[in-house]
Amino acid sequence: MQENTGAGYPGDAGVTDDFDLAGVPDAFQRLWTPHRMAYIKGGQHQFKNEEDCPFCVGPSRTDEESLIVHRGKTCYVVLNLFPYNPGHLLVCPYRHVPDYTDLTLEETAEFAELTQTAMKVLRKVANPGGFNLGMNQGVVGGAGISAHLHQHIVPRWGGDGNFFPIIAQTKAITQTLDEVRQQVSQAWPGETDAE
């Protein structure tokens, strides 16, 4: 264990208390994320219907407000509000359906096409070494919003996973959501850019 020499970071003295338990200065700089508490406290049952579902309400707002990077005919692509990594995208059908088997053939085709396009765009703007793709189906399957189907597209880089999320329940994100949304939406191919 490293001894606390009191050197710390500039400005530590002004924000550090003298209490001898949690909050005692040590070798770690903490990243506080109190905004996550609203999500954590809401739990998996926080969105029960279309009126309060963020995936249903989102498309009625501007792209900037909802972090939408592309709108398709039956599905759209949006940044994850609580990303695992910068560029963490979600593909969502406009319809409020909970299960992959609920999609029509047209929705399934566009869902898959948007996933492929998202991967191509992320490769272009961020050069990830790989991806995690997945859908958590149902509450017991780990879906944070189980009432509305969505697929995660998580870009991955060597060394992006470390002990921080496990031990400190903290994830360092290197770009703001607005910066990532602008990059991805600007790189998204238009009708004339289709391959």
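In the predicted model, H152 is found in strand β5, where, at 18% relative accessibility, this histidine counts as buried, the cut-off for that class being under 20%. The side chain of H152 makes a polar contact with the side chain of H88, at a distance of 2.8 Å. Apart from its neighbours within four places in sequence, H152 is in contact with N80, H88, L89, L90, N132, L133 and G134.

Strand β5 belongs to an open sheet of five strands, arranged in the order β1-β2-β3-β5-β4 with antiparallel pairing. The edges of this sheet are formed by β1 and β4, each of which pairs on one side only, and the twist from one strand to the next averages 20°. Strands of a sheet pair through backbone hydrogen bonds, in either a parallel or an antiparallel manner. Between β2 and β3, which run antiparallel, there are five bridges, and C75 stands opposite P93 in β3. Helix α7 lies across β1, β2 and β3, and runs at about 30° to β1.

Helix α5 comprises 22 residues, spanning positions 105-126, and reaches 31 Å from its first C-alpha to its last, a value close to the 32 Å expected at 1.5 Å a residue. The buried residues of this helix are E107, E110, F111, L114, T115, T117, A118, M119, V121 and L122. These buried positions pack against the strands β1 (68-71), β2 (75-79), β3 (89-93), β4 (130-134) and β5 (151-156), and also against helix α7 (177-187). Just after α5, N127 adopts a positive phi of about 50°.

Side chains of opposite charge can pair when their charged atoms come close. A search of the whole structure finds four salt bridges, among them pairs that involve helices α5 and α7. In one of these, R181 pairs with E64, and the closest N and O atoms are 3.3 Å apart. Because R181 lies in helix α7 and E64 in helix α4 (residues 63-66), this salt bridge ties together parts that are 117 residues apart in sequence. Of the two partners, R181 is buried, with a relative accessible area of 7%, whereas E64, at 48% relative accessibility, counts as partly exposed.

Helix α5 contributes a glutamate to each of two further salt bridges. The side chains of K73 and E106 meet at 2.9 Å, N to O; since K73 lies in the loop between β1 and β2 and E106 in helix α5, the pair ties together parts that are 33 residues apart in sequence. Here K73 is exposed, with a relative accessible area of 67%, while E106 counts as partly exposed at 44% relative accessibility. The adjoining glutamate in the numbering, E107, meets the side chain of R95 in a salt bridge of 2.6 Å, N to O. As E107 lies in helix α5 and R95 in the loop between β3 and α5, this pair ties together parts that are twelve residues apart in sequence. In this salt bridge E107 is buried, with a relative accessible area of 5%, whereas R95, at 37% relative accessibility, counts as partly exposed.

Notes:
Residues numbered from 1 in each chain as written. Predicted model: local features only at pLDDT ≥ 70, side-chain atom pairs only at ≥ 80, totals over all residues. Heavy atoms only, no water. Helix = DSSP H or I, 4+ residues; strand = E, 2+ residues; numbered from the N terminus. Expected span 1.5 Å × (residues − 1). Buried < 20%, exposed > 50% of the residue type's maximum accessible area, 1.4 Å probe, protein only. Contact = heavy atoms within 4.5 Å. Polar contact = N/O pair within 3.5 Å; in protein donor to acceptor, adjacent residues only side chain to side chain. Pairing = 2+ DSSP bridges. Axes fitted to C-alpha atoms, helices over the stretch in contact; angles between N-to-C directions.
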